[in-house]
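This report goes through pockets, aromatic pairs and two buried positions of one model. The sequence and the structure come first.

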Amino acid sequence: MILAVFLWFLFKDSEMNRALINNVWFNSPEPPILCFLHLPRTGGTTVNRMFTYSFGDRAFFHAGLVAKYGGEAGLAAVLTRDKSVYRQALLITGHYGVTHPLVVQAPRPVAIAAVLRQPLERIVSLYDYIRGTPDHPEHAALSALTLNQALDSVTDFAVHCRNAQLRTLFNATDPHGIRLALQCYPYLLGRMDALELFSQRLLGLFGLKLGGTLPRFNERPVLAGVVPARSQADYATALARLESLNRAELDFFARLPPTFLTRPRPVTVAAEAA
């Protein structure tokens, strides 16, 4: 069960606070690269603005690197042969996951950070956001479909509707897979409803402080004639389906405190088999 993961790895508040005070990001001779995995509709645009303000050109953006190197394949090829791409990076942020070459090919230790949102709220928000954003790649596909219909008809949207936060962060949805990920990297995770607390904890790892409430960016636009998911006749059916599709993530999120920090615990294959 997902609960078991938290029983094994979740710090108590006092333990988490001690870890933050110890500034674990810099316990290594080489400061890790902070990989902020921006999960759609979790306040990531707001956090990215904070990164730009706080770190300037030491904050690298996944989308910018993809554009610079001619796509994902080009970026992956460059990262394999040229580690200088990382030289000035304090953090790398964007819509990418823990198995991305930016993580796997990093020449310095990696730490993972992310903000999570209640799973069903996030999916509904994403659906409404896409339908209200004409230049979004999936806008045309979703514009004539209810949320319930979109789950079956739009593959690139449906992938966001099945434990997507867990898959992005851990490349797993089961306790064993999540536990392995937590043993590979330090993780700093937070909830969207505690965005300022998460941001302060993150900045504190670099010796910085949050100056106040973060202004929110990228709120859902409202377009005339666009019916939000909650007003659709089959909305209840869509929610029931989404609850079934996201049981693991719902369990995980229900036990996630406002912020938590882990340190990886070394483990051998033999120990895992035992």
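Contact here means heavy atoms within 4.5 Å. The model is a predicted one, and the values below are computed from it.

**Thr 93 and the second largest pocket**

Leaving aside residues up to four places away in sequence, Thr 93 touches Phe 36, Asn 48, Phe 51, Phe 60, Phe 61 and His 62. Thr 93 belongs to strand β3, which covers residues 91–94. With a relative accessibility of 0%, Thr 93 counts as buried, because the limit for buried is under 20% relative accessible area. A polar contact of 2.6 Å joins the side chain of Thr 93 to the side chain of Asn 48.

Thr 93 and Asn 48 both appear in the lining of the second largest pocket, together with His 38, Phe 61, His 62, Ala 63, Gly 94 and His 95. This pocket has a volume of about 220 Å³. Helix α4 (62–68) and strand β3 each supply at least two residues of its lining. By class, the lining holds two nonpolar and six polar residues, and no charged residues.

**The largest pocket**

The space in the largest pocket is about 590 Å³. Its lining consists of 30 residues, and those nearest the centre are Pro 40, Arg 41, Leu 126, Tyr 129 and Asn 218. Two or more lining residues come from each of α3 (44–55), α7 (119–131) and α10 (155–158). The largest share, five residues, is from α7. Nine residues of the lining are nonpolar, twelve are polar and nine are charged.

The two pockets are set out below.

| Pocket | Volume | Nonpolar residues | Polar residues | Charged residues |
|---|---|---|---|---|
| Largest pocket | about 590 Å³ | nine nonpolar | twelve polar | nine charged |
| Second largest pocket | about 220 Å³ | two nonpolar | six polar | no charged |

**Aromatic pairs**

How many aromatic pairs does a search of the whole structure find? The search gives seven aromatic pairs. In one of them, the ring centres of Phe 51 and Phe 55 are 6.2 Å apart and the planes stand at 50°, so this pair is tilted. Both residues are in helix α3, four residues apart, which is about one turn of the helix. Phe 51 is buried at 0% relative accessibility, and Phe 55 is buried with a relative accessible area of 8%.

Phe 55 also pairs with Phe 206: the ring centres are 4.9 Å apart and the planes are at 65°, so the pair is edge-to-face. Phe 55 is in helix α3, whereas Phe 206 is in the loop between α13 (195–204) and α14 (235–245), so the pair ties together parts 151 residues apart in sequence. Phe 206 counts as buried at 16% relative accessibility.

Phe 51, Phe 55 and Phe 206 are members of one aromatic cluster that also includes Phe 36 and Phe 198. Among these cluster members, Phe 36 and Phe 51 are touched by Thr 93.

**Gln 165**

Is Gln 165 buried or exposed? Gln 165 has 0% relative accessibility and therefore counts as buried. Gln 165 lies in helix α11, residues 164–170. Apart from residues up to four places away in sequence, Gln 165 touches Leu 39, Thr 42, Val 115, Leu 116, Arg 117, Pro 119, Arg 122 and Glu 249. For one of these, Arg 122, the C-alpha atom lies 9.7 Å from that of Gln 165, with the two positions 43 residues apart along the chain as the separation.

Key. Residues are numbered from 1 along each chain as its sequence is written. This is a predicted model: local features need pLDDT of at least 70, side-chain atom pairs count only at pLDDT 80 or more; totals for chains, interfaces and linings use all residues. Side-chain values use heavy atoms; hydrogens and water are left out. Buried means under 20% relative accessible area, exposed over 50%, partly exposed in between (1.4 Å probe, protein chains only). A polar contact is a pair of N or O atoms within 3.5 Å; within protein, one must be able to donate a hydrogen and the other to accept it, and residues adjacent in sequence count only if both atoms are side-chain atoms. On a 1 Å grid over the protein atoms alone, a cavity is a set of points where a 1.4 Å probe fits but cannot get out, and a pocket is an open set with protein on both sides within 12 Å along at least five of seven lines; lining residues have an atom within 4 Å of a point. Grid points are joined across faces, edges and corners, and a volume is the space filled by probe spheres set on the points. Ala, Val, Leu, Ile, Met, Phe, Trp, Tyr, Cys and Pro count as nonpolar, Asp, Glu, Lys and Arg as charged, and the others, Gly among them, as polar. Rings of Phe, Tyr and Trp (its six-membered ring) pair if their centres lie within 6.5 Å; planes under 30 degrees apart count as stacked, over 60 as edge-to-face and the rest as tilted.
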